[in-house]
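Colleague: I'd like to go through this model with you and hear the reasoning behind the labels. Could you put it up first?

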Amino acid sequence: MSDAAAEKPEVDQRTVRRAVIASAMGNATEWYDYGVFTSGAIATSIGTVFFPGEGNAVLKSLALVAVGFVVRPFGGAFFGPLGDKLGRQKVLAITILLMSGCTFLVGCLPTYAGPYSIGIAAPVAVLLLRLIQGFSTGGEYGGAATFIAEYAPTKRRGFFGSFLEMGTLAGYVLGNVVVLAVTLSLSHEQVEAWGWRIPFFVALPLGLIGLYLRSKLEDTPEFRRLEATGKKPEKAPLRETLTRNWRMILNLIGIVLLLNIADYMLLTTMPTYFTDTLKINDNTSTLIIIGVELVQMAIILPLGALSDRIGRKPLLLTAAIGFAVLSWPSIKLMQSGSILWLVVGFLIVAVLLVFMLAVIGSTFPAMFPTRVRYGSFAIGYNVSTSIFGGTCGVIVTALIKSTGNADWPAYYLIIAALIAIVPILKIPETSQVPIEQIDTADTGGSLVGAKR
């Protein structure tokens, strides 16, 4: 180990746990927003109150979610290199406040028509908030994953990294639980009139809790080591990020393609697939999704710990091959007309997704050196998310409606899985490599200290 690596500040386990929770809170806040926006009842209300007129209200709401993804790569390109220059903690404080604030403000907006309405300004305002939210989210995930990876001890990086996606599942479950509570407590007319606002208000306290936790932490030991050795970039290193790490960024994009198509398919498209295509009651659909996500939460941490022993790539390959083989049978089970078989089919693809979710928080940051880690991760992740993940719900729903073929979720997953197998095989295994030893060579994008 080099002298520079030896100077890495020591961190006690209590501080590591606090850093992990603070990072996961941002993901929980982000996915709470998606959970609210894509739930059947609230999605219908949003599409109706902001975009009245002819057309499918749910599809309008999904399009509103998708539009935020357009600016995510710009947010990643802005906040990522900035986090490499200024530090992870400062940038993450900004992103969580912007994310939660924008979600909260959606609940405050006047609507297109009715009392206190503002006409065409209403959809313009909600669109603007979604764009700001998407821009800030572009800087959140890469920074949060980097924050955990740079705090976690090498031999437990997989375990601690899996808490990041535990935050995803917890936030999404909370969003669905709040929506379910609102729809069970209020009449349909009350939800349409004002009840749809309640879930959006909850986002602000979530964000403020995350902001408080992050403000009480120092920056990561690895970033402080870089500062102490004088290797921290003086300017946001966007050019260096792209020119020296483009091969590994392409690998990241290929893996994230499957990750986010599966993620957004299951967590944001399936609620409307169940209600619109399979004609399942909104509340029944929400209960099924909550139940399956609780199963995901129960197994994600053990899988993260398993990756510390056997490596990240075996779990990633299991997921990719599983999606390629089992997506179509799973969709057919969901279409069987039986609630029991629907749950079984949904659970199969949900478990495959957890095999990816459990290791990405430890895999992706370890693909890049400290100096450009935040930026490289944020750019690659958000480009792929914007193109493939954020558009997933709109494209799949539109394909089903235009072709009458309800199997499109399976086709989409199979294609993504076959593509992702290639970069998964190409990336190095870094499960036992200290984060401070990871470096990207000028040629080939190989990682020093890693094994294949």
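Modeller: Here it is, a predicted model, and the questions below go label by label.

Colleague: Start with the overall shape. What makes the chain as compact as a globular protein of its length?

Modeller: The chain has 19 helices and 2 strands. Its radius of gyration is 21 Å, close to the 22 Å that the globule rule gives for 452 residues, so the chain is as compact as a globular protein of that length. The C-alpha trace spans about 65 × 45 × 40 Å along its principal axes, and buried residues make up 60% of the 452. Among contacts between residues at least 6 apart in sequence, 84% join residues at least 24 apart.

Colleague: Now the charges. Why are R88 and D84 called a salt bridge?

Modeller: Their side chains come to 2.9 Å, N to O, and the cut-off is 4 Å, so the pair counts. Buried means under 20% relative accessible area; R88 is at 0%, so R88 is buried, and D84 is at 0% too, so D84 is buried as well. The two also belong to a network of salt bridges with E150 and R373.

Colleague: What makes R214 and E140 a tie between distant parts of the sequence?

Modeller: Their side chains meet in a salt bridge at 2.6 Å, N to O. R214 lies in helix α11 and E140 in helix α7, so the pair ties together parts that are 74 residues apart in sequence. Both R214 and E140 are buried.

Colleague: How do you know that R224 and E218 still pass as a salt bridge?

Modeller: The N to O distance is 3.7 Å; the rule asks for within 4 Å, so they pass. E218 is in the loop between α11 and α12. Leaving aside neighbours within four places in sequence, E218 is in contact with F147, Y151 and R224. E218 also sits 9.4 Å from T15, C-alpha to C-alpha, with their positions 203 residues apart in sequence. In total, the count comes to 10 salt bridges.

Colleague: Then why does D263 have no salt bridge?

Modeller: The nearest side chain of opposite charge, R72, is 9.0 Å away, and a salt bridge has to be within 4 Å, so D263 goes without. D263 is buried all the same. It is found in helix α13. Not counting residues up to four places away in sequence, D263 touches W31, E165, T268, L353 and L357.

Colleague: On to the surface. What makes I94 eligible for a nonpolar patch?

Modeller: A patch residue needs over 30% relative accessible area. I94 is at 43%, so I94 clears that bar and counts as partly exposed. I94, L98, L128 and I132 make a nonpolar surface patch of about 320 Å². The elements giving two or more residues to the patch are α6 and α7, and I94 lies in α6. As for the whole surface, the chain exposes about 16400 Å², with carbon and sulfur atoms supplying 68% of it.

Colleague: Last one. Why is K279 called exposed?

Modeller: Exposed means over 50%. K279 has a relative accessible area of 65%, so K279 is exposed. K279 lies in the loop between α13 and α14. It has a positive phi of about 60° although it is not a glycine.

Definitions and conventions
Residues numbered from 1 in each chain as written. Predicted model: local features only at pLDDT ≥ 70, side-chain atom pairs only at ≥ 80, totals over all residues. Heavy atoms only, no water. Helix = DSSP H or I, 4+ residues; strand = E, 2+ residues; numbered from the N terminus. Buried < 20%, exposed > 50% of the residue type's maximum accessible area, 1.4 Å probe, protein only. Lys, Arg positive; Asp, Glu negative; His and termini not counted. Contact = heavy atoms within 4.5 Å. Patch = residues over 30% accessible without salt bridge, like charges linked within 9 Å, V, L, I, M, F, W, Y side chains within 5 Å. Areas by Shrake-Rupley, 256 points an atom, 1.4 Å probe, with all protein chains shown as cover. Rg over C-alpha atoms; globule rule 2.2 N^0.38 Å.
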